[in-house]
Amino acid sequence: MGKRSRAYGLMIGITAGFAVWGSVAVQPCAMSGENTEREGIKWERSIETVQGQGKEKLRLHAVSAVLMDGVSGRILYGKEEQSFRPMASTTKIMTCILALENGNPEDICRFSSKAAAQPKVHLGAPAGTQFRLQELLYSLMLESHNDSAVAIAEHIGGSVEGFASMMNQKARDIGCKNTWFITPNGLDAVCAMPDGGEKSHGTTAAELAAILRYCIRDSPKKDAFLEITRTSGRTITDCSGQYSRYCGNHNALLTMMEGALTGKTGFTGGAGYSYVGALESQGRTFIIALLGSGWPPHKAYKWEDAKALLEYGKEHYHYRDVFEPEEPRTVLVEGGKEPERVPVSSRLKEEQRHLKLLVSDWDQVECVTRLPDMRKAPVRSGDVAGYQIYRLNGEVVAVYPLYMEASVDEWKFSSCVQMVLEFFAKKR
């Protein structure tokens, strides 16, 4: 009896001790490494690339210009790329993609008196002439006909004003906050706003490039857009078969540089010469946008600028796999039967352990591991413990969760009681 009482007392003492230990709040460990917004989080940083001397400065005629990575949308080179300016007929890439997304190629479009009255460059069909939408899209994108743009806008949007609202909504959907459409053809225009102010038709080089990126990458009609804009020439005919005209593509980039994908030229007195285009090279997609690239008689300046930007991209930017081998890591878990270190991993399959980024010699890639020094039980296998974060020049480009690889139950008073009961059950 006494021996059993002593054993019982010993177990009660152990139970009480565990109960007191479990009731004491565990303080987070001191920070190690870089300060963070949350205590107890450890950052491990490694720099994968070596910074070079920095970007070389290009001599461009354009007032505003941009070179964009067509895959990620990252701006690789810019010159006043966020400045709002008129964009002339580069507008028509938006007109074309909206017509493709909201119309049918077999739709019949009728030239209104407003469409027929548009200034050159125009198709010149008289009011009342009817064309299939498909025919007008070639007129729009190859010869840049202003009257075809209005006929398309009136058919798709009910009116030029209605279509302009669709254009502005699509721009917002793409993420363009500093773009404003008034006309479907890009002629210089200003409109009165409800607040009494005025707003002009225009965009920025960065947002014009973003719109083309949408047209060739994200739009459900991207293939149709590319087919039209890559056509070298086509004869279009009205529905009656009595009016026809040959349309030749004015995008010289298609024959000037290998890998050219698409593009659209533009000119007005207010905008000067403008251009937006895309090129593929060795698995890379580059998009350029030029605003104000000379005024008459400097029509060829835009091609000089286009070549300079694209050659710059081809020379300096290449894909590199920056994924870092995963190192063994653990997290201390307290509040269980005893403190223990639990392994964590990304659980990525071998084929997922790649991160290819388009980078130059002067870009800096950081891999940062964000992981707590300690977690309190209970934890379950598969719980997110932290993250592995990749930054390119300070911007987050990829985040991989790190998962707990084992479970640890919380040690409670009831666990101690259960242990005592099991002990006596075995003694019987």
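What follows is a walk through the fold, cores, largest pocket and backbone oddities of this chain.

The model is predicted, so local features need pLDDT of at least 70 and side-chain atom pairs count only at pLDDT 80 or more, while totals for chains, interfaces and linings use all residues. Residues are numbered from 1 along each chain as its sequence is written, and side-chain values use heavy atoms, with hydrogens and water left out.

Starting with the overall picture, the chain has eleven helices and 20 strands; these are DSSP runs numbered from the N terminus, with helices being H or I of at least four residues and strands being E of at least two. Of its 428 residues, 47% count as buried. Here buried means under 20% relative accessible area, exposed means over 50%, and partly exposed is in between (1.4 Å probe, protein chains only). Contacts (heavy atoms within 4.5 Å) often reach a long way along the sequence: among those between residues at least 6 apart, 67% join residues at least 24 apart.

Next come the cores. In soluble globular proteins, nonpolar side chains tend to be buried together. A nonpolar core is taken as a set of buried Ala, Val, Leu, Ile, Met, Phe, Trp, Tyr and Cys residues joined through side-chain atoms within 4.5 Å. The largest such core holds 54 residues, and the members touching the most others are Ile93, Leu137, Leu212, Ile216 and Phe225. Helix 7 (residues 205-218) gives this core its largest share, eight residues. A second, separate core has 23 residues, including Leu60, Tyr275, Leu310 and Tyr317. Back in the largest core, Phe225 is in contact with Ile93, Cys96, Ile97, Leu100, Met141, Leu212, Cys215, Ile216 and Thr262, leaving out residues up to four places away in sequence.

Several of those partners of Phe225 sit in helix 2 (residues 92-102), where nine of the eleven residues are buried; Ile93, Cys96, Ile97 and Leu100 are among them. Helix 4 goes further: it is largely enclosed by the rest of the structure, because eleven of its eleven residues are buried. The buried set in helix 4 even takes in polar and charged side chains, including Gln134, Glu135 and Glu143.

As for cysteines, the structure holds zero disulfides (pairs of cysteine sulfur atoms within 2.5 Å). For Cys96, the nearest cysteine sulfur is that of Cys215, 7.3 Å away. Cys96 is buried at a relative accessible area of 0%, and Cys176 is buried too, at 4%.

The largest pocket has a volume of about 460 Å³. On a 1 Å grid over the protein atoms alone, a pocket is an open set of points where a 1.4 Å probe fits, with protein on both sides within 12 Å along at least five of seven lines, and lining residues have an atom within 4 Å of a point. Grid points are joined across faces, edges and corners, and the volume is the space filled by probe spheres set on them. The lining has 24 residues, with Val121, Ser144, Thr265, Gly266 and Phe267 nearest the centre. Strand 10 (260-268) is one of the elements supplying at least two lining residues, along with helix 4 (133-143) and helix 10 (301-316). Six lining residues come from strand 10, the largest share. By class, the lining has seven nonpolar, eleven polar and six charged residues; Ala, Val, Leu, Ile, Met, Phe, Trp, Tyr, Cys and Pro count as nonpolar, Asp, Glu, Lys and Arg as charged, and the others, Gly among them, as polar.

Two of those central lining residues also have backbone quirks. The peptide bond from Lys120 to Val121 is cis, with omega near 10 degrees, and Val121 lies in the loop between helix 3 (113-116) and strand 5 (130-132). Ser144, just after helix 4, takes a positive phi of about 65 degrees.

Elsewhere, the bond from Ala377 to Pro378 is cis as well, with omega near 10 degrees, and Pro378 is in the loop between strand 18 (374-376) and strand 19. Glu80 has a positive phi near 45 degrees despite not being glycine; it is in the loop between strand 3 (75-79) and helix 2, partly exposed at 43%. Arg347 has a positive phi of about 60 degrees, and its loop runs between strand 15 (340-345) and strand 16 (356-359).
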